[in-house]
Amino acid sequence: MNRTPVVSALRLYESIEALGRIGRYLDEASGLYGVNRLALTAQDGEGRRHVVAKMKSLGLAVTVDRIGNVYARRKGREDTLAPVMMGSHIDSVPTAGKFDGCLGVLGALEVMQALDDAQHVTRRPLVAAFFTDEEGSRFGSDMLGSSVATARIPLQTAYALRDRAGLSVQAELEAIGFLGETAEQLAPPFAYLECHIEQGPMLRREHIDIGVVTGVQSISWHEVTILGRSAHAGTTPMELRADASVAASRINLRLRQMALSGHYGEQLRATMGAMVPVPGLVNIVPGQMTVTVDLRNPSDVQMRRAEADIIAFYETVAAEEGVQIRWRQTARTSCVPFDAAFQDQIEAAAQRRGLSTRRIVSGAGHDAQELAHLTRAAMIFVPGEYDGISHNPRELSTPEQCANGVQVLLDVLLEIADAE
Ligand code: GLV
Ligand code: MN
Ligand code: MN
């Protein structure tokens, strides 16, 4: 007899724990275990094989495309209809927790399992996906696999990206055995749903169970190379220096000043996340610095103003510090709104389960923003402990928080996939 499909919090959490043991490392500073499954490393490969095995054990038909995105399909009653897709990513930043991305992928598989338990075959076929290199921390371009699948970035451009060691995306896909054969451009699914941790403090502070995501803010990444003159730290008078690290520091302070000024809306966020000096030694004025700039803004107009101003400031600093500054855009996405009707459905589904909700703009980038260019897309956020800390081994959502998000995912999925 058919039953209402229900998510198992225990099974879901055990599956998050199991994937979290792949690429695990001991973070000496905190004494906690973290996760390092940087895209297309051996650890990512092991994580991928683990998830693919799980997909196959659920009887799903698994395909790997030419950028290494993995799709697992479950038949529908009317199997020629466009599928409803759920997904996220399993690659991580090098200092991650267990939840970022993995909740969405393992949650999608938990949904499939709950449907199997209830012997429920949806009208439309379903697909659970994980996309290559969502994080962008190795090859410099975030949401890489999903942006190739949705044709924002050409396959060859993605293949040619290189990490700091000079290894290319194409070679590394091949090395881990995930250079697949199916066409990378995705036929539009009927809908796309993604459950993810919030990665910020809002939901937890307000004791909200479910974030109904209204959209994702714009993201702009620069890699900035500053060329000064290397010199002896003890003998070179200050006025004779062209110090690349001073130039980098000035840009970093300017970023904070811009973000705090309120001149770019209330919500400009600006970060210099990497600062790499050459040669990087105590007694040498650095002749070169490579730094990164990450700007986020929920307004496209304000983002464009912030970008123009920081680029002009690079020139000012170059002139004043006697250095050369070259920069290149490594990633750029505009604000993406999610489907309004799906937002209402998520809110209603959560409320039917007695869960509190609020609307929230995503501060982080997600694969759903790429899929939103192809189909109607939506995201469900769950809260995280410790102010939602993420990209950090302390990242933690409880079994209940995770299961709430995935149950809402399942409820909304059923409405969409079973509708006539
Ligand atoms: C992806 O995690 C991002 O940088 O927003
Ligand atoms: Mn993520
Ligand atoms: Mn992330």
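**Exercise 1. Classify aspartate 100 as buried or exposed, and compare histidine 391.**

Solution. Aspartate 100 has a relative accessible area of 6% in this predicted model. Buried means under 20% relative accessible area, so aspartate 100 is buried. Histidine 391 has a relative accessibility of 37% and counts as partly exposed.

**Exercise 2. Identify the protein donors of the manganese ion (ligand 2) and place them in the sequence.**

Solution. Step one is to list the donor atoms: His89 (NE2), Asp100 (OD) and His196 (NE2), at 2.0 to 2.3 Å from the ion. Step two is the spacing of these donor residues, H-x10-D-x95-H. Step three concerns His89 and Asp100: both lie in the loop between β5 (84-88) and α3 (102-117), so the pair ties together parts 11 residues apart in sequence. Histidine 89 is buried, as is aspartate 100.

**Exercise 3. Identify the protein donors of the manganese ion (ligand 3), and state which residue coordinates both manganese ions.**

Solution. The donors of ligand 3 are Asp100 (OD), Glu135 (OE), listed twice, and His391 (NE2), lying 2.1 to 2.5 Å from the ion. In sequence, the donor residues follow the pattern D-x34-E-x255-H. Aspartate 100 sits in the loop between β5 and α3, and histidine 391 in the loop between α12 (385-388) and α13 (399-418), so this pair ties together parts that are 291 residues apart in sequence. The residue coordinating both ions is aspartate 100, and the two ions are 3.6 Å apart.

**Exercise 4. Describe the surroundings of ligand 1 and its polar contacts.**

Solution. Begin with the shell: Glu134, Glu135, Trp221, Arg296, Ala364, Gly365 and His391 are the residues around ligand 1. By class, the shell divides into 2 nonpolar, 2 polar and 3 charged residues. Next, take the contacts to oxygen atoms of the ligand. A polar side-chain atom of arginine 296 is 2.8 Å from one such oxygen. For glutamate 135, the distance from a side-chain N or O atom to a ligand oxygen is 3.0 Å. For histidine 391, the corresponding distance is 3.3 Å. Finally, consider cover: on its own, ligand 1 has 190 Å² of accessible area, and the protein covers 93% of that.

**Exercise 5. State where confidence in the model is lowest and where it is highest.**

Solution. The protein has an average pLDDT of 97, and 100% of the residues score at least 70. Strand β12 (residues 275-278) has the lowest confidence, with a mean of 96. Strand β6 (residues 126-130) has the highest, at 99.

Methods:
Residues numbered from 1 in each chain as written. Chains lettered and ligands numbered in written order. Predicted model: local features only at pLDDT ≥ 70, side-chain atom pairs only at ≥ 80, totals over all residues. Heavy atoms only, no water. Donors = N, O, S within 2.8 Å, 3.2 Å for Na, K, Ca; no water. Helix = DSSP H or I, 4+ residues; strand = E, 2+ residues; numbered from the N terminus. Buried < 20%, exposed > 50% of the residue type's maximum accessible area, 1.4 Å probe, protein only. Near = heavy atom within 4 Å. Polar contact = N/O pair within 3.5 Å; in protein donor to acceptor, adjacent residues only side chain to side chain. Areas by Shrake-Rupley, 256 points an atom, 1.4 Å probe, with all protein chains shown as cover. Nonpolar A, V, L, I, M, F, W, Y, C, P; charged D, E, K, R; others polar. pLDDT = per-residue confidence, 0-100.
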